Amino acid sequence: MPANDDLDRGDERESRESPFETLQKRVAGLKVQDGQNISEKSDEDEPQVVDRIESLCINCEENGETRLFLTKIPYFREIIIMSFSCDHCGFENTDVQSAGQIQERGSKFTLKVTEVDDMERQIVKSDIASLRLETLDIEVPAGRGRLTNIEGVICDILKDLESGQRQRKLEDPDLWQKIDDLVQPLLKMALNQNFPFTITLDDPSGNSWIEPSSKDRDGKYQKTEYPRTSEQNAALGLGETPQSTQENGNGHKKSEDLPSEPPSSTGLTAHVIPQIPTTSTPADQDALEDVDILEGHSYSLPTPCPGCTKPAHLNLQLLNIPFFKQVVVSAVMCTECNYRSSDVKTGGEIPPLGKKIYLDVRDPLDLQRDILKSETCFLKIDEINVEVAPGTMGGRFTTVEGLLTQIRDDTRGTVFDTDDPEGSGGDSMPAPKREAWNRFFDKIDQAIKGELKYTILLEDPLGNSYVQNPWAPERDERLREEEY
């Protein structure tokens with residue numbers, strides 16, 4: 001019986017396999033000879049790489065053919081590539097749509113294109129993402145999804161701008177001249193003669209992407225995540241839903257519906273203060289101004305979940321870091337979609353000078369130091385080629401080991417496929433690029449294990465970052481601070 005049960009469970013798992021696979025996995029088991037696909041399986045069992053559907057042509061209203069390719073992009077997620085063609089009128093059209101779920105936060109990518117190799121970086125632009133060429137102040141609004149590269153984006157913009165220019169030159173010379181002033185630098189970009197320039201890709205759904213490189217330095221490549229606004233949630237179909245919790249006559253959640261003792265992420269004893277209501281009446285707003293946030297006490301406030309917009313809880317706690325300042329540790333928890341996020345913000349006034357902190361990591365004990373990286377901090381480790389631009393990770397209060405582990409995991413999730421534990425990168429990643437990324441992650445692993453000596457630089461113009469000195473107030477030989 002146990003053996004049969006295992007077989008049944010195996011069949012069930014096989015039946016639940018996702019239709020979205022990398023091209024390498026999709027064609028596995030096929031043999032190719034003289035341009036023809038030959039499989040050891042029968043024709044009925046042979047996997048179909050492309051699905052073909054007869055559909056109506058919007059141009060001539062005859063029947064054409066739509067081809068659907070369901071695939072996963074290595075180091076990204078599932079997409080649907082669609083292509084329509086009509087043999088009657090010759091009309092053709094292509095489109096790309098994200099097949100993954102809407103991400104919990106929106107994402108924005110910024111890339112400074114400085115060399116020819118950057119033009120070959122892949123771009124996935126969803127149908128709700130906007131793309132900008134910052135150098136020329138050109139924006140491609142939300143519309144048709146695309147799977148292309150930087151060069152393809154520039155050529156598409158150039159093609160759209162040049163459309164109708166001959167007729168426009170005769171009818172409206174002034175408008176023709178303004179467009180031509182944009183066309184000329186775009187031509188140089190397409191010919192790799194107008195470096196550098198900056199391109200940004202903003203997607204509220206988080207389903208767009210620009211390919212990173214292990215050679216990116218000095219803020220050349222940046223990815224930032226942000227909470228969506230209510231308008232963006234409405235545009236994605238994530239409007240407000242009826243609250244499942246009971247409410248009193250004033251529209252406030254009853255205190256028994258909220259957790260009586262939110263967990264403390266710092267290990268300190270937390271004293272729970274009654275819930276602070278969020279209302280729009282002037283009387284309640286005045287009452288909120290009289291509430292004192294006490295050190296060591298935890299507060300819980302109702303807030304809409306950034307992931308599903310349903311009611312969630314925002315837990316706050318004010319902490320005092322010795323020999324530094326007060327910080328506010330916050331965590332959002334949603335019981336509906338299991339959304340979890342945390343952040344750290346410093347209090348007090350803005351200092352007149354910025355601060356640079358240098359930490360020399362020489363043994364595993366240094367990995368246990370507490371470290372606070374604010375959202376305005378630039379982090380750099382030359383020995384392992386790591387740079388974290390301000391705003392990339394938000395505020396983090398953890399240890400040196402924990403911070404490096406998060407940098408490694410976040411970068412690996414961006415570079416390699418989520419179900420690619422061996423880091424092969426799929427069939428679309430060239431071998432030299434895959435080897436470069438593997439060397440990069442090997443160095444980070446050595447740094448996390450304390451097998452490598454390196455120096456961490458925290459540069460914060462607001463002076464809100466911190467590294468623990470275990471011998472404070474005595475001087476630490478491995479910790480240096482500079483003001484600027």
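Start by selecting C57: at 0% relative accessibility it counts as buried, where buried means under 20% relative accessible area, exposed over 50% and partly exposed in between, worked out with a 1.4 Å probe on protein chains only. This is a predicted model, so to speak of local features a pLDDT of at least 70 is needed, side-chain atom pairs count only at pLDDT 80 or more, and totals for chains, interfaces and linings use all residues. Residues are numbered from 1 along each chain as its sequence is written, and side-chain values use heavy atoms, with hydrogens and water left out.

**The cysteines**

Keep C57 on screen and add C89. Why is there no bond from C57 to C89? The C89 sulfur is the closest cysteine sulfur to that of C57, but at 3.7 Å it is too far for a bond. A disulfide here is a pair of cysteine sulfur atoms within 2.5 Å, and by that rule the count comes to 0. Now click on C155: with 34% relative accessibility, C155 counts as partly exposed.

**Helix α3 and its partner**

Next, select residues 150-162, which make up helix α3. Helices (H or I, at least four residues) and strands (E, at least two) are DSSP runs, numbered from the N terminus. The 13 residues of α3 reach 19 Å from first C-alpha to last, close to the 18 Å expected at 1.5 Å a residue; that expected span is 1.5 Å times one less than the number of residues. Colour I150, G152, V153, I154, I157 and L158 to see the buried residues of α3. Just after the helix, stop at G164, which takes a positive phi of about 80°.

Now bring in helix α5, residues 173-190. Its axis and that of α3 are 10 Å apart, and the two helices pack at an angle of about 150°. Axes are lines fitted to C-alpha atoms, for helices over the stretch in contact, and angles run from 0 to 180 degrees between N-to-C directions. α3 and α5 are therefore roughly antiparallel to each other; angles over 145 degrees get that label, under 35 is roughly parallel, 65 to 115 roughly perpendicular and the rest oblique. The crossing of α3 and α5 is left-handed, meaning that the near helix is turned anticlockwise from the far one by less than a right angle (clockwise would be right-handed).

**A five-stranded sheet**

Show the strands in the order β10-β9-β12-β7-β14: these 5 form an open sheet with antiparallel pairing. Look at the edges, β10 (138-140) and β14 (221-226): each has a single partner strand, so one side of each is left without a neighbour in the sheet. From one strand to the next, the twist averages 15°. Two strands pair if DSSP finds at least two bridges between them. Zoom in on β7 (residues 106-113) and β12 (residues 197-203), which run antiparallel and are joined by 7 bridges. Pick V113 and look across to F197 in β12, which stands opposite.

Then hop to T229, in the loop between β14 and α6 (230-235). T229 is partly exposed, with a relative accessible area of 38%. Add P204: the C-alpha atoms of P204 and T229 are 8.9 Å apart in space, with the two positions 25 residues apart in sequence numbering.

**Over to L319**

Select L319 in strand β17 (residues 311-320). Is L319 buried or exposed? L319 is buried, with a relative accessible area of 7%. The C-alpha of G296 is 6.0 Å from that of L319, although the two are 23 residues apart along the chain.

**Another sheet, and a last helix pair**

Display β23-β22-β25-β20-β27, in that order, for an open sheet of 5 strands with antiparallel pairing. β23 (386-388) and β27 (479-483) are the edge strands, each pairing on one side only. Here the twist averages 10° from one strand to the next.

Home in on β20: 6 of its 7 residues are buried, so β20 is largely enclosed by the rest of the structure. Towards β25 (residues 454-460), β20 makes 7 bridges in an antiparallel run; try Y358, whose bridge partner is L457. Strand β20 (residues 355-361) also pairs with β27, antiparallel over 5 bridges. For that pairing, click I357 with E481, then K355 with E483.

Finish with helices α8 (residues 400-415) and α9 (residues 431-448), whose axes come within 9 Å and cross at roughly 165°. α8 and α9 are therefore roughly antiparallel to each other, and α8 passes α9 in a left-handed crossing.
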